[in-house]
Amino acid sequence: MTASASLPADTRIAFIGGGNMASAIIGGLIRRGLPAAQIQVVEPFEASRASLAQQHGVHAQPAASDALASADLLVWAVKPQTFRDAAAPVAPYVGGALQLSVMAGIRADAIAAASGSARVVRCMPNTPALVGQGMTGLFAAPATTAADRALAEAVIATTGDFLWVEREKQLDAVTAVSGSGPAYVFYFLEAMQQAGARLGLSDEQARRLAIGTFLGGSALAKDSPEALSTLRERVTSKGGTTYAALTVLQDEGVAASLGRAIEAADRRAAELGDEFGR
Ligand SMILES: NC(=O)C1=CN([C@@H]2O[C@H](COP(=O)(O)OP(=O)(O)OC[C@H]3O[C@@H](n4cnc5c(N)ncnc54)[C@H](O)[C@@H]3O)[C@@H](O)[C@H]2O)C=CC1
Ligand SMILES: O=C(O)[C@@H]1CCC=N1
C-alpha cells in the first residue's frame, strides 16, 4: 500500500514514552510539516526529554498532566513491561482521543481496559522509520471509526510504507518479520562485512559493498513482479560462485534457522501480551 492519507493540519498528538520509536514517528511528523507545538510527550527521563527538545523541538513533560486532554491522538510508545504503570496516570485524560499503540504484544482489549476507551489502533513499526523508510503493520480494533483509521494511517504514513492486517494475532507475525526484522538485516550485514574483511577488503569497503547489496537487492525485488526465488536463481550460474555460496547456506540450514528465529519472535510477541497485557 502506498502512503496516501494526509494528516489534518490541526492534529494534536501526545506520546506516552519518548524513546526510540516515539522519536522516529515524531521525526516523520515534523518532516511532513506538523508544528512541534502540536506534539507533546510524557517522558520521565530528563536526558530523553532534552534529546526530544534538541532533535525535534518538541516539549516533553515528566508526567501526565491536564495538557494531555487536548490531544486528538494518544500514542503508546512505552515498553510492554512499562505499560501498566504508564497507563494509570494517563487514563483520566484519554477522553475522546484515538489511541495508537506501537507496543509489541499488548492487545487492544488490554489497552481499552487500562485506558477506559476501546478506540484503539495497534501498529508495529520498525526503526527504519527514523529515516522515513519504515515498514509498519496496522490493526484497528472494532470500536474504531473510519476517521480513526484514516488518522492512524496518516501518522504512520509519515514514517514510510504500511499495510493493514485483518486479525490482531497477525500483528505478532508482523512484529516477528518486520518489527524485529531490521536486526536480522544488520546481523547479515555484520556477517558479510566480517567475511569481506577476512578476504582482504577494508572494513569500510566491505561495509559499503554489503549495505549497497542489500539496498540494491531490495530495490530490485520491490520493483519486480517475479518470485524472489526467480531473482535468486538469476544470480546463480550452475557451477559458479553464487552456487558455491548457496550450497553452504543450504547445507547449514540457514533458511530453516531464520524461520525458527522468526517463529521465536512471534511466540515472544504473544507471550508479552500474556505477561503484561492483562
Ligand atoms: N525499537 C524497535 O525496533 C521497536 C519498538 N517497538 C515498540 O515500541 C515501544 C517502545 O520501544 P522503544 O522506543 O524502542 O523503547 P525506548 O526504551 O527507547 O522508549 C521507551 C520510553 O518510555 C519511557 N518511559 C518509561 N516509563 C514511562 C512511563 N511510566 N511513562 C511514560 N514514559 C515512560 C522511557 O524513559 C523510554 O524513553 C515498545 O513497546 C516496543 O515494543 C515497536 C517497533 C519497533
Ligand atoms: O524487540 C522488541 O521487543 C521490539 C519490538 C519489535 C522490535 N523491537
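1. Helices and strands here are DSSP runs, a helix having at least four residues and a strand at least two, numbered from the N terminus. With that in hand, Gly18 can be placed: this residue sits in the loop that joins β1 (13-16) to α1.

2. The structure is a predicted model. Mean pLDDT for the protein is 95. A value of 70 or more is reached by 97% of the residues. The model's ipTM is 0.98 and its pTM is 0.94. As a general caution, coordinates should not be read in detail where pLDDT is low.

3. Start with the annotated domain. An unreviewed UniProt entry puts "domain: Pyrroline-5-carboxylate reductase catalytic N-terminal" at residues 12-105. Over that stretch the chain is 33% helix and 20% strand. The C-alpha atoms at its two ends lie 26 Å apart.

4. Next, the annotated binding site. The unreviewed UniProt entry lists Ile16, Gly17, Gly18, Gly19, Asn20, Met21, Ala77, Val78, Lys79 and Pro80 under "binding site". These residues span 65 residues in sequence, but no two of their C-alpha atoms are more than 14.1 Å apart, so they gather at one spot.

5. Now ligand 1. Its shell holds 27 residues, and the closest are Gly17, Gly19, Met21, Met103 and Ala104. By class, 15 are nonpolar, 9 polar and 3 charged. Two helices, α1 (20-31) and α3 (83-90), each supply at least two residues of this shell. Helix α1 gives the most, with 3.

6. Is Gly18 buried or exposed? Gly18 has 26 other C-beta atoms within 10 Å, so it is buried, the cut-off being 20 or more. Setting aside neighbours within four places in sequence, Gly18 contacts Ser23, Val41, Glu43, Ser48, Arg49, Leu52 and Ala60.

7. Met21 belongs to helix α1. Met21 is also among the residues closest to ligand 1. It counts as buried because 25 C-beta neighbours lie inside 10 Å. Which residues does Met21 touch, not counting those up to four places away in sequence? They are Ala77, Val102 and Pro125. Of these, Ala77 is on the UniProt "binding site" list, as is Met21.

8. Last, ligand 2. The residues around it are Ala104, Thr175, Gly179 and Ser180. By class, this shell has 1 nonpolar residue, 3 polar residues and no charged ones. Ala104 appears around ligand 2 and is also listed among the closest residues to ligand 1.

Terms used. Residues are numbered from 1 along each chain as its sequence is written. Chains are lettered from A and ligands numbered from 1 in the order in which they are written. This is a predicted model: local features need pLDDT of at least 70, side-chain atom pairs count only at pLDDT 80 or more; totals for chains, interfaces and linings use all residues. A residue is near a molecule or strand if its C-beta atom, placed from the backbone, lies within 6 Å of it. Ala, Val, Leu, Ile, Met, Phe, Trp, Tyr, Cys and Pro count as nonpolar, Asp, Glu, Lys and Arg as charged, and the others, Gly among them, as polar. UniProt positions are given in the numbering used here, feature names are shortened, and annotations may be inferred rather than shown by experiment. pLDDT is the predictor's confidence in each residue, from 0 to 100. A residue is buried if 20 or more other C-beta atoms lie within 10 Å of its own, exposed if 12 or fewer, and partly exposed in between; C-beta atoms are placed from the backbone. Two residues are in contact if their C-beta atoms, placed from the backbone, lie within 7 Å.
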